[in-house]
Each structure stands twice: as structure tokens, then as C-alpha cells.
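The following paragraphs lead the reader through a structure, beginning with its ligand and continuing with a pair of helices.

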Amino acid sequence: MTEKNIATKIRVYAYNELNEDQKILVDRAREATKGSYSPYSHFRVGAAIRLDNGTIVTGANQENASFPAGTCAERSACFYAGAKYPDVPFSAIAIAAWHEDDFVEAPCAPCGVCRQSLLEYETQGGKPVEVLLAGRDTVYVLDSLRSLLPLAFTEF
Ligand code: THU
């Protein structure tokens with residue numbers, strides 16, 4: 001028997017400690033929560049993806065009376081980025097969430113399906129995508145999408 005350990009390094013920052021680019025991306029993710037259509041959960045998620053060409057693409061969760069038909073903020077952003085800028089690698093993503101009357105306190109992390117979807121773009125882009133998970137006061141910073149999904153499914 002052998003053992004493998006998978007470690008994920010998360011750096012915890014106060015918003016004010018972020019660099020300017022990181023602050024801008026977090027701000028855009030926060031702003032994107034306004035585009036959420038979430039009459040069922042009332043949980044407004046925003047995602048902002050910075051592309052290598054400097055463009056920032058944003059998305060927000062879109063719900064539906066038939067619950068499974070809705071989609072998360074992260075997938076609305078990455079699918080749009082993939083469709084509009086097919087060959088431009090991602091360089092960073094920020095995610096934020098608003099509930100009731102404020103941004104949520106705990107940094108908002110993507111669900112498993114979104115991790116799998118996002119990782120494909122990181123793999124395709126050939127370089128790590130910085131991840132900023134924004135809470136109300138603190139922001140988790142990870143070096144890659146891969147670090148959010150250890151043992152990811154990959155095609156054979
Ligand atoms: N949601 C996201 O937008 N991103 C995630 O990673 C998890 C959850 C959305 C889906 C649904 O509209 C609402 O948050 C509550 O689950």
C-alpha cells in the first residue's frame with residue numbers, strides 16, 4: 001500500500017491587501033451579482049473572468065421554475081468566454097455572492113460541476129488560472145483551478 005496526499009494551498013487576504021488587478025476582478029464579480037436571476041434561492045452569485053487579452057467577462061446565476069434548467073454564475077461566465085473568445089486563455093477568475101442584504105461572509109467557492117467546467121478552460125489555455133473566492137471581508141486566493149479539483153475527471 002502506498003499513500004498519496006493532495007494539498008491545496010489557500011492564501012487568505014483582506015480585500016485591502018489584494019493588488020489592483022485582483023481588486024478590480026473581485027469588484028467586477030461583486031457587480032455581476034446584480035445580473036443574477038434568482039427568484040427561487042435569492043442567492044445572487046457573480047463571476048468575473050479575466051482573459052489573457054485583458055477582457056473581463058462576467059456571469060451570474062440564472063434560475064428557472066424547472067430547477068435543473070438553471071445555471072451557475074461560473075458556468076454562465078466561462079461558457080460565454082469560451083463562445084466569444086474561443087482561443088484566448090483565462091488568466092484569473094473571481095467569484096462573489098450576495099444574500100438578503102449583503103455579500104456573504106464566507107468566501108464563495110464554485111460547486112463541483114462548475115469546477116469541472118472551469119478546469120477544462122484552464123487545461124485548454126495551457127496555464128494556471130488564479131482563483132479569487134470573495135467573502136465580505138476576506139478573499140481566498142488559489143494558484144489554479146486545478147487546485148480546486150484534485151483527481152479531476154480527464155478524458156482517458
Ligand atoms: N450557484 C452558483 O451560481 N454557483 C455555484 O457554484 C453554486 C451555486 C447558484 C445556483 C443557484 O442559482 C443558487 O446559487 C443557489 O444554489
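How many Å separate a polar side-chain atom of glutamate 63 from an oxygen atom of the ligand? The distance in this predicted model is 2.5 Å. Such a pair is a polar contact (N or O atoms within 3.5 Å). Asparagine 61 places a side-chain N or O atom 2.8 Å from a ligand oxygen atom, while alanine 73 contributes a backbone N or O atom at 2.9 Å from an oxygen atom of the ligand. The surroundings of the ligand, counted as residues with a heavy atom within 4 Å, include Ser41, Phe43, Val45, Cys72 and Glu74.

Alanine 73 also begins helix H2, which spans residues 73-84; helices are DSSP runs of H or I with at least four residues, numbered from the N terminus. The axis of H2 comes within 9 Å of that of H3 (residues 112-125), and the two cross at roughly 25°. Because angles under 35 degrees count as roughly parallel, H2 is roughly parallel to H3. Axes are lines fitted to C-alpha atoms over the stretch in contact, with angles from 0 to 180 degrees between N-to-C directions.

Between these helices, contact means heavy atoms within 4.5 Å. Glu74, Arg75, Cys78, Phe79 and Gly82 of H2 meet Val113, Cys114, Ser117, Leu118 and Tyr121 of H3. These residues comprise six nonpolar, two polar and two charged, with Cys and Tyr counted as nonpolar and Gly as polar.

Residues are numbered from 1 along each chain as its sequence is written. Local features need pLDDT of at least 70 and side-chain atom pairs pLDDT 80 or more, whereas totals for chains, interfaces and linings use all residues; side-chain values use heavy atoms, without hydrogens and water.

Methods. Parallel < 35°, antiparallel > 145°, perpendicular 65-115°, else oblique. Polar contact = N/O pair within 3.5 Å; in protein donor to acceptor, adjacent residues only side chain to side chain.
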